[in-house]
Amino acid sequence: MNPPLSTSDSVTNGSLALAELRRGQSAVVTGLIDTAAIDTGRGSGDSLIARLRDIGFVPGARCEVVARMWLGGDPIAVRIGGSTFALRRAEAAAVRVQLAREPAIATEALTPRASVAAA
Amino acid sequence: MDALVESRPLRIALVGVPNCGKTALFNRLTGGRQKVANYPGVTVERREGERATADGRGLRVLDLPGTYSLNPTTLDEAITRDVLLGRLAGSAAPDLVVCVVDAVHLPIGLRLALEVKRLGLPMVLALNRMDVAKRRGVGIDIARLSTELGVAVVPTVAVRRGGADALIELLEPARWSNTRSAPPVWRQTTAEDAEQMQGDLRGLLAVTGFSAPRISPWIARIDALLLNPFAGLAILLAVLFVMFQAVFSWAAAPMDWIKNGMAALGAYTTAHLPHGPVASLLSEGVIAGAGTVLVFLPQIVILFFFILALEDSGYLPRAAYLLDRFMGSVGLSGRAFIPLLSSHACAIPGIMATRTIPNWRDRLTTIMIAPLMTCSARLPVYGLLIAALIPARHIGPFNLQGLVIFGLYAAGILSGLLVALFLKQFGGKRQYSPLMLELPDFQWPHAGNLLLGLWERVKIFVSRVGGIILALMIVLWFLSTYPMPPPGATGPAIQYSFAGKLGALLQHVFAPIGFNWQISIALVPGLAAREVAVGALGTVYAMSASGNDVSTQLEPVIAGSWSLATGCSLLAWYVFAPQCLSTLAVVKRETNSWRYPLIMATYLFALAYIAAFVTFRVMS
Amino acid sequence: MSQQILVAVVVTLAATFCVWKLMPARRRLQILLALDAWSERRPGLAGWRTRWLKPRITRAGGIGCDGCDAHDPRSHRPPR
């Protein structure tokens with residue numbers, strides 16, 4: 001497991017990077033961090049984080065790893081919000097998640113039917 | 001003043017994330033009344049269409065490039081934002097925005113809709129693919145969504161006739177005439193804005209009862225197979241293989257029809273017209289020239305059938321996913337896959353598609369190797385040479401000719417990768433380039449789309465043959481006929497003409513690689529379009545035939561007079577040679593300098609010559 | 001003799017067509033604009049102007065030569 005790159009961020013406590021999930025595992029997003037791998041200076045990491053957010057990787061969102069390429073999962077295919085995206089390892093490393101079985105930090109997810117009953 | 005405003009058409013812009021069916025809806029709204037141009041100053045397409053309305057004012061519909069957000073990461077997305085804000089020269093902000101959202105992928109589309117709503121423009125939501133959504137168990141309370149969002153929401157099924165009727169009803173110009181108050185405002189989305197929008201989105205989704213779509217177990221299984229590292233790559237190879245086998249085996253019969261038809265036409269012309277320049281122009285210029293190119297129509301159709309089917313099914317991004325690692329190892333961005341794939345139809349849209357690659361070095365590398373991808377214009381040349389020189393044998397279950405063409409395509413791709421690897425050495429510190437590619441739902445290709453696309457391709461090809469190719473052949477015929485040989489001269493008349501003399505001159509350059517003067521001449525008009533070389537060979541050989549029997553069958557002539565070494569050398573030349581001035585012009589436009597097209601032309605010609613040289617020497 | 005004339009006409013038309021199609025886009029646009037200005041002063045050509053000239057001016061400014069329709073956006077398939 002990769003050591004968290006930003007130890008002062010409470011988001012990383014107890015969570016994994018999306019890049020580490022196995023095929024078929026579901027998880028809930030806890031946050032996004034700007035990793036060194038994607039930031040090439042000039043703050044380009046910000047636009048990638050923003051784009052990840054725009055396609056649905058927000059705290060509380062539920063995602064599932066649909067496929068992983070060999071040699072360390074570069075890239076992986078992730079289903080989020082009903083759409084499937086291919087992410088490189090470095091991009092997936094910027095997304096922190098918690099496995100769905102464990103108690104999630106944010107329980108409000110976008111897609112469970114439970115919220116419909118509650119509404 | 002009011003009367004003026006009242007009478008002009010209502011200007012509508014269609015906005016949506018990629019793959020939401022926006023373009024199908026656009027086609028549904030505008031029918032055949034579409035106009036495609038470029039946005040000023042950039043090579044992004046501007047698709048505008050018209051629709052008549054009952055009150056006579058009419059609609060002008062603009063199909064904007066798909067985008068995930070109004071914070072752009074590529075040029076296309078920037079254009080979408082700028083058009084909505086009315087920033088682009090020559091167009092004010094639209095009167096009405098139709099936000100197209102795929103009901104099956106509601107979250108991602110609705111998020112964009114929220115962003116667009118913040119602009120303050122009058123807006124309507126078209127909830128597309130409602131039929132698919134219902135089938136997959138997605139229930140959306142449209143009325144509730146409309147109330148919560150504060151805009152009109154209509155369901156649409158863009159692919160079905162009449163599927164956009166609800167939307168069309170809503171688009172009565174009178175309804176929207178006086179709704180625009182202030183011009184649109186936009187500012188870069190901050191993290192707080194994003195969080196707020198996410199909160200709104202969550203609320204909306206909960207309230208409208210959206211639940212994740214059911215996935216058919218079959219599709220899930222197929223997808224798992226396609227994305228599996230081992231099975232997926234094997235399937236990819238198999239698909240490509242089948243494609244090239246089919247290009248030869250399926251096309252054989254129709255090609256023979258056309259060939260025989262051309263031969264009959266030629267015979268008729270020679271027999272029924274008085275001997276003289278007109279008969280010669282028709283049979284040797286037109287029929288032997290343009291007619292020879294027309295013969296390859298079936299192969300082009302089959303090639304595009306596969307390309308379009310693969311595109312429509314959503315398979316291509318999956319192939320990009322599988323090959324991303326390989327591309328990365330030679331220094332190519334993962335986003336380079338789709339442009340390089342488009343280059344197999346034609347390098348020009350491929351080069352323009354590199355706009356989606358944010359990193360300049362990656363983009364340049366991709367542009368430099370795009371012409372090495374075997375474009376569809378090379379197909380007639382390959383087809384002719386393979387048919388003439390490679391026996392139609394079978395090795396096991398495989399057609400030898402199909403194998404050879406597969407090999408040629410593979411050679412193109414491989415050389416592209418090697419060149420990319422070479423260029424990587426000159427790169428500076430490796431900048432990170434993102435992938436973030438959407439894998440659209442895998443689906444069975446839509447027959448209607450496929451047929452429409454094929455019909456377009458047929459029209460393009462035929463109009464090309466009847467246009468520039470025919471014109472070039474006529475000019476070539478002229479240059480090959482005059483000046484006429486002096487009385488008492490021996491040998492074919494063509495040797496004494498402009499073309500003949502030029503051919504003899506060029507032959508000095510091309511003799512070391514085994515090209516005879518006929519080939520040398522044919523390469524010249526081939527600079528305008530690769531297929532023209534085939535037509536030029538047809539004309540030149542038809543005119544070289546002495547006696548009255550003018551055969552319009554090029555293949556047997558080539559099979560008889562060329563050595564295998566010459567043929568293979570020409571094939572090797574065509575794999576590399578930049579025989580297309582248009583491509584170089586596009587590169588200049590996209591890179592804004594003469595340096596890169598010049599480098600490209602030089603390195604490609606050099607590679608072509610070397611490859612042809614080596615092939616020729618090795619084989620003779 | 002009539003044959004020679006016919007052939008000459010056809011060849012000249014073909015050559016003009018080739019030159020037109022293969023010339024750089026900017027030059028073509030210049031010629032179109034010059035034609036536009038010239039025909040503006042001749043009301044009899046108004047029909048030709050709207051039908052033939054104007055659409056070509058909007059479409060022009062494409063890329064490179066017109067040798068193939070690759071540069072013409074109409075031939076690009078829109079994404080799904």
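**Figure 1. A sheet of 7 strands takes in strands from chains A and B.** In this predicted model, an open sheet runs in the order β1(A)-β6(A)-β2(A)-β3(A)-β4(A)-β5(A)-β10(B), and its pairing is antiparallel. At the edges sit β1 (16–17) of chain A and β10 of chain B, each with a partner on one side only. The spot where the chains meet in the sheet is the pairing of β5(A) with strand β10 (residues 437–439) of chain B: 3 bridges join these antiparallel strands. Look here for A:T84, which stands opposite B:L439 in β10(B).

**Figure 2. Within chain A, β2 pairs with β6.** Staying with the sheet, this view picks out strand β2 (residues 26–32) and strand β6 (residues 95–99) of chain A, which run antiparallel and are joined by 5 bridges. A handy residue pair for getting your bearings is A:L32 and A:V95, with A:V95 sitting in β6(A) opposite A:L32. As a reminder, strands of a sheet pair through backbone hydrogen bonds, either parallel or antiparallel.

**Figure 3. Where chain A touches chain B.** On the chain A side 37 residues are in contact, and they meet 37 residues of chain B. Several elements of chain A supply at least two residues each to this side: α1 (44–54), β3 (62–68), α2 (70–73), β5 (83–87), α3 (89–92) and α4 (114–118). The largest share belongs to α1(A), with 6 residues. Sort the chain A side by class and you get 20 nonpolar, 9 polar and 8 charged residues.

**Figure 4. Helix α11 of chain B has a buried side and a face turned away from it.** The helix covers residues 229–249, so to speak 21 residues end to end, and reaches 30 Å from its first C-alpha to its last, close to the 30 Å expected at 1.5 Å a residue. Its buried residues are B:G232, B:M243, B:F244, B:V247 and B:F248. They cover an arc of only 155° around the axis, so they end up on the same side of α11(B). The face turned away from that buried side carries the exposed residues B:F230, B:A231, B:A234 and B:A238. What do the buried residues of α11(B) pack against? Their partners in chain B are α10 (217–227), α12 (252–272), α14 (297–313), α15 (315–329), β9 (398–399) and α20 (400–424).

**Figure 5. Helix α19 of chain B is mostly covered****.** This one has 12 residues (378–389) and reaches 16 Å from first C-alpha to last, close to the 16 Å expected at 1.5 Å a residue. Of those 12 residues, 11 are buried. The buried set is B:R378, B:L379, B:P380, B:V381, B:Y382, B:G383, B:L384, B:L385, B:I386, B:A387 and B:L389. In chain B, the buried residues of α19(B) pack against α13 (277–294), α14, α20, α24 (532–544), α25 (554–561) and α26 (564–576).

**Figure 6. Two positive phi values and a cis peptide bond in loops of chain B.** Start with B:N19, in the loop between β1 (10–15) and α2 (22–30) of chain B. Its phi is near 70°, a positive value in a residue other than glycine. B:N19 counts as buried because 21 other C-beta atoms lie within 10 Å, the cut-off being 20 or more. Next comes B:R129, in the loop between β6 (123–128) and α5 (130–135) of chain B. B:R129 is not a glycine either, yet has a positive phi of about 60°. B:R129 is buried too, with 27 other C-beta atoms within 10 Å. Last up is the cis peptide bond between B:Y482 and B:P483, with omega at about -5°. B:P483 belongs to the loop between α21 (447–481) and α22 (498–510) of chain B.

**Figure 7. The two assigned domains of chain B.** The domain assignment gives domain 1 (2–208) and domain 2 (313–424). Taken over C-alpha atoms, the centres of domain 1 and domain 2 of chain B are 36 Å apart. Their contact takes 5 residues from domain 1 and 4 residues from domain 2. On the domain 1 side, the classes come out as 1 nonpolar, 3 polar and 1 charged.

**Figure 8. Chain C is helical, with no strands****.** Chain C has 3 helices and 0 strands, which read α-α-α along the sequence. Buried residues make up 24% of its 80 residues. Among contacts in chain C between residues at least 6 apart in sequence, 62% join residues at least 24 apart.

Methods:
Residues are numbered from 1 along each chain as its sequence is written. Chains are lettered from A and ligands numbered from 1 in the order in which they are written. This is a predicted model: local features need pLDDT of at least 70, side-chain atom pairs count only at pLDDT 80 or more; totals for chains, interfaces and linings use all residues. Helices (H or I, at least four residues) and strands (E, at least two) are DSSP runs, numbered from the N terminus. The expected span of a helix is 1.5 Å times one less than its number of residues. The arc is that of the directions from the helix axis to the C-beta atoms. Two residues are in contact if their C-beta atoms, placed from the backbone, lie within 7 Å. Ala, Val, Leu, Ile, Met, Phe, Trp, Tyr, Cys and Pro count as nonpolar, Asp, Glu, Lys and Arg as charged, and the others, Gly among them, as polar. Two strands pair if DSSP finds at least two bridges between them. Domain bounds come from an automatic or database domain assignment.
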